[in-house]
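Here is a short tour to read with the structure open beside you. Take a moment to look it over before going on.

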Amino acid sequence: MTTTEELVAQVNKILDDIGIDLGELFQDFDPVRLALTLNRNLSLLEEFEEELERRVGEGGPSVPIRDRKNRDPHLQWLYRKRHYRTLALERLRSAITAHKIALAILDANYTFKKGGSEIRATDVKDEKVKIIRKPYSIGRVEILPHLAYSGDVLKLLARESLSVRDAFKEIKSRLREQGMVKTRSIRLEVEYFENNRLKKAHVSLPADADIEAELRKQFGRRFRWRVLSLVKTRGVLINNHYTVDNLALAYASFNPEKGPELLGLDIFRYYFLTSPADRETLGVFPGIKGCLDCHYSILDLPFRWDPNFKTGQGSFYVIRKCEMEEQLVGRKKDLSGVPNYLLGGVLLYGISHYDEKKVAEILGIPEDELLEAMRKFVISGLSSVLFTKEEAKKFEKFMPKSDKAKQFLALLQG
């Protein structure tokens, strides 16, 4: 039976070989060959992860810092051995995350076909597969050569220039920052009279609600209230440090000057070009929040060019989009001819001050397809449901012009 030290040595040797082999593969980029190689590697690495995780376990003691002069050399040897095992497991997990991100990016940007049926990139088992580039991009294919497939994030970073290392630090700090606190609701204690008796009740209201008006509806005019607590939300955008390290390395290496901005744009597109169901299975950014409930500075970077830019603008758009997705539950049948990536463009057009050309540019989608989706969206009647009156006015130019068409539209909308 292989000892743990031999297993650690095998893992490190395989990861070193993967780093060399994949570097050569990117010299002649072929999505099918790349998917095939990534799948083979991933299957092997996951087997090693399961065995090494069983032997090493989660966490465990590290080298003690206190009383350095009187440390027992035998204990020190045991601590050091465990430390090397843990480092190997961390490296292995980082490499597995890089492979999963790469496969997800391929899946998001290409349609893989075997015979007459579509398959996922993770199902590519041979080279008898055809590919078609999708009309939109989620993630960025250009970063694929820069992911840490060998798991050596810091070693790869050490080979790069100072500008790349600075960009890495900036991206990592932005992805690890706690989102700006947002108050979602308020819990109140209300004292009121009912049948000439003083009673108490606990009420929860949205943070932006008119408290006096809402309480007057429920308790009449004789009441008083006080705030018990504010329900706030907070947290990091991506709760997976292997993902953070790989993304920071890849985007910083790809473009040191614009790396943080490009990542912010790709995350923004990720939310607008997908549905909640898509985001559960896509895996381009493992560990990312399904929907946003607070502000993150990295989503502001793609909008710095806007003369009307306001802090929190990118996060605000994503939060509104998530809220509208909840309103669209059960209504998707009215938009059966509008795919998710075009629906995202329609929603961004409605909540922003950008025209259709700028929306298509921001999201990287075809403008002609977006215009057709706008017309279908107007016919569905959802523009008056999802948007305010001021926002809905933007869709008036897509309304039918002839009287017959207007009458037909009125019948469709009831």
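## Strands β1 and β2

In this predicted model, strand β1, which covers residues 110–114, runs antiparallel to β2, and three bridges join the two. If you would like a spot to zoom in on, try K114, which stands opposite S117 in β2.

## The sheet around them

These strands belong to an open sheet of three, ordered β2-β1-β3, with antiparallel pairing. Because β2 (117–119) and β3 (130–133) each have a single partner strand, they stand at the edges, and one side of each is left without a neighbour in the sheet. From one strand to the next, the twist averages 40°.

As a friendly reminder, strands of a sheet pair through backbone hydrogen bonds, either parallel or antiparallel.

## A helix on the sheet

Which helix packs on this sheet, and which strands does it touch? Look for α2, residues 31–56: this helix is in contact with β1 and β3. The direction of α2 makes about 80° with that of β1.

## The whole chain

Stepping back, the protein chain holds 16 helices and six strands. It has 414 residues, and 46% of them count as buried. The accessible surface comes to about 22600 Å², with 50% of that belonging to carbon and sulfur atoms.

How much of the contact set with a separation of 6 or more comes from residues 24 or more positions apart? For the protein chain, the share is 71%.

How values were computed. Residues are numbered from 1 along each chain as its sequence is written. This is a predicted model: local features need pLDDT of at least 70, side-chain atom pairs count only at pLDDT 80 or more; totals for chains, interfaces and linings use all residues. Side-chain values use heavy atoms; hydrogens and water are left out. Two strands pair if DSSP finds at least two bridges between them. Helices (H or I, at least four residues) and strands (E, at least two) are DSSP runs, numbered from the N terminus. Axes are lines fitted to C-alpha atoms, for helices over the stretch in contact, and angles run from 0 to 180 degrees between N-to-C directions. Contact means heavy atoms within 4.5 Å. Buried means under 20% relative accessible area, exposed over 50%, partly exposed in between (1.4 Å probe, protein chains only). Accessible areas come from the Shrake-Rupley method with a 1.4 Å probe; for residues, only the protein chains shown count as cover.
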